[in-house]
Amino acid sequence: MVWGGWFGTRQSASKGDGLTVSLEELADMRRYAAYVRGWQHNRDFSLQSGDIKSAFKGRGMEFEEIRSYNYGDDVRDIDWRVTARKDTPYTKVYAEEKDREVYAWLDLSAPMLFGSQKELKSVTAAKLTALLGWLALENKDRFGCVMFDGRSSRVFRPQNNRAQLLAIFKKLAELSREVLQNPAAEDGAVVKSLKLLEQNARNKATVFLLGDFAAVDDALWRQMAVLARRSRLYVVNIFDRLEEEPPQAGEYMAEYGGKRLIFDSSAAPYRDEYRAYFAAGREKLRAFCRKFGCRLAEIRPDLDISHNLKFF
């Protein structure tokens, strides 16, 4: 894959080592926008996240026409008067929204610096953020970004131009190296970061939260609820296979906070409790999304990109 234009000389996209993300990799996410457009056209649904229509095929507010109902149309748009008169379903069609404000908030804190295969969760989050940026640019929407590194946040206000997108990519590539050298996860910092997002995103903006949501406390739930009420909220839960399933049976050494311990993953009670712990956290996030009408995608960094991109 090669490209030129605003990135200067033509060059090949770097594959990367999975530990950090490069400017070239982020720019290369543009080619996957074609896959997303294809799925949108076919009204496909995500295998990972359930029956969730694309975030970039918005339901507009301006009435356009009435036509026969097709499989996959939103039942909320059925025109019941015409349906009763014609004795066959008819639906209202609205013009697609343009110039929307799209925000991506991504977590690059210490818990995201984990990956048992292929790449770290933080790298996956950065790549998906780049794809969101490309989609917003092509859809003539204004794209903004909030990057949380575990201590503080970097805010890029929404714009619709390539220069802004390049600036976001450069900072993402820079931060991916910085956080790997100096990871952080300060108490309460993530809530402050989401409040900053709330202050910058206007009402009814489309907001994507990309993180692992592994340690959500009451304060964070409340702040996420505020965002859900003010915006179209999409929760992108990025988790590693090893967080969902215990390691293969055997003895392992783990280190945390300067302390080491050896554990045996062979015992059935251990394996059951391991799975139950992750499943409980996942169900809390799913329940939150059901309660507040958020869209949820579950993304695994070890899977092929085609399994993950259908959400968009």
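Two strands are taken to pair if DSSP finds at least two bridges between them, strands (E, at least two residues) and helices (H or I, at least four) being DSSP runs numbered from the N terminus. The model is predicted, so that local features need pLDDT of at least 70 and side-chain atom pairs count only at pLDDT 80 or more, while totals for chains, interfaces and linings use all residues. Residues are numbered from 1 along each chain as its sequence is written, and side-chain values use heavy atoms, with hydrogens and water left out.

An open sheet of 6 strands, with mixed pairing, follows the order 7-6-5-8-9-12. Strand 7 (153–159) and strand 12 (295–299) stand at the edges, and because each has a single partner strand, one side of each is left without a neighbour in the sheet.

Within this sheet, strand 5 (residues 101–107) is mostly covered, with 7 of its 7 residues buried, that is, under 20% relative accessible area with a 1.4 Å probe and protein chains only. In a regular strand the side chains alternate between the two faces of the sheet. Here Glu-101, Tyr-103, Trp-105 and Asp-107 are buried on one side, and Val-102, Ala-104 and Leu-106 are buried on the other.

Strand 5 runs parallel to strand 6 (residues 142–148), to which 7 bridges join it; along this pairing Glu-101 stands opposite Arg-142, and the bridge partner of Asp-107 is Phe-148. Strand 8 (residues 206–211) also runs parallel to strand 5, the two being joined by 5 bridges, and in this pairing Leu-106 stands opposite Leu-210.

Technical notes:
Buried < 20%, exposed > 50% of the residue type's maximum accessible area, 1.4 Å probe, protein only.
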